[in-house]
Amino acid sequence: KICGLFLSSSVSKDPDDVTELQLEVLRILRNMGYTGYIHLRLMPGVSYHYVKEAVELADRVGVNLEAPNKDVFDELCPNKGGFNEAILKRLTWIVDEAQRSKREAAGLKSGYCQAGVDTQMIVGAVDDNDWQYLQVTEWLYKRHSLKRVYYSSFEPIAQTPLEKRRACPPSREHRLYQSSFLIRDYGFKTDSFAQIVDDEGFLPNTDPKLALAKANIDMFPIDLNTATYFEMVQIPRVGP
């Protein structure tokens, strides 16, 4: 369990105005002597100098990717700015600043993004599939060294543009999380999931590690005396 502060916001007007208010909260807390955990979610389109200060004040910083690619993003978030410019560029800034700050602040107890960078995506709000999320998840972990990718299954809200859209089953979110951990912690590649997604790109509603083992049944049983690390962690119910 982590005890601390998670601070996020909507964008009421200009992203920089909102971010300035967020950072004011963090400055006050740090100046009062608070050394606890702070997780800050930045606004899309925020200016670079705010990213730099955010990384120095918070222990974990992120910006919501919202969608696995530009097409899904444009349908889901038409008013949030461009996917590449407002989101991906800012995520890259956060990652670069976090890596620099961690080198400069080794040994400090708080701030300087010591807990890394994260993001979140909405699942099932518009036409998408699990394969899209798996691909971008591997890219985020391997290319940008993110610490965590969060998924949020869509639920319709009255009097919003997507109020008539069907809710995303929570089980879909759960299977994406399981697959995400296989990629992040176990060394699985996205290409391996091609064996278990259906023709429309969706994962089965079962433990993805067990499904992958059944799809590669010829590799079992495994001789633990000669097996590699990766061969062993592919065994269902065996973890790192």
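This briefing walks through aromatic pairs, cysteines and helix packing in the structure above. Please keep in mind that the model is predicted. In brief, the structure holds 5 aromatic pairs and 0 disulfides. Two helix packings are also described below: α2 with α4, and α6 with α7.

**Aromatic pairs**

- The structure holds 5 aromatic pairs, and one of them joins Y151 and Y177 in an edge-to-face arrangement, with 5.0 Å centre to centre and 80° between the planes.
- This pair links distant parts of the chain, since Y151 sits in strand β5 (residues 148-153) and Y177 in helix α6 (residues 170-185), 26 residues apart.
- Y151 counts as buried because its relative accessibility is 2%, under the 20% cut-off.
- Y177 is buried as well, with a relative accessible area of 15%.
- F181 joins the picture too: ring pairs link Y151, Y177 and F181 into a cluster.

**Cysteines**

- With 0 disulfides in the structure, it is worth asking why C3 has no bonded partner.
- The closest cysteine sulfur to that of C3 is in C113, and at 20 Å this is too far for a bond; a disulfide would need the two sulfur atoms within 2.5 Å.
- C3 counts as exposed, because its relative accessibility is 64%.
- C168 is in no disulfide either, and the nearest cysteine sulfur, which belongs to C77, is 15 Å away.
- C168 counts as buried, at 6% relative accessibility.

**Packing of α2 and α4**

- Two packed helices are described by the angle between their axes and the distance between the axes.
- For helix α2 (residues 48-57) and helix α4 (residues 83-104), the angle is about 45° and the axes are 9 Å apart.
- α2 and α4 are therefore oblique to each other, and their crossing is right-handed.
- On the α2 side, the contact is made by Y48, V51, K52, V55 and E56.
- On the α4 side, the contributors are W93, I94, E97, A98, R100 and S101.

**Packing of α6 and α7**

- Helix α6, which carries Y177 of the aromatic pair, also packs with helix α7 (residues 208-215): their axes come within 9 Å and cross at roughly 65°.
- That angle makes α6 roughly perpendicular to α7, a label that covers 65 to 115 degrees.
- Where do the two helices meet? R175, Q178, S179 and L182 in α6 meet P208, K209 and L212 in α7.

Notes
Residues numbered from 1 in each chain as written. Predicted model: local features only at pLDDT ≥ 70, side-chain atom pairs only at ≥ 80, totals over all residues. Heavy atoms only, no water. Phe/Tyr/Trp six-rings, centres within 6.5 Å; stacked < 30°, edge-to-face > 60°. Helix = DSSP H or I, 4+ residues; strand = E, 2+ residues; numbered from the N terminus. Buried < 20%, exposed > 50% of the residue type's maximum accessible area, 1.4 Å probe, protein only. Axes fitted to C-alpha atoms, helices over the stretch in contact; angles between N-to-C directions. Parallel < 35°, antiparallel > 145°, perpendicular 65-115°, else oblique. Left-handed = near helix turned anticlockwise from the far one by under 90°. Contact = heavy atoms within 4.5 Å.
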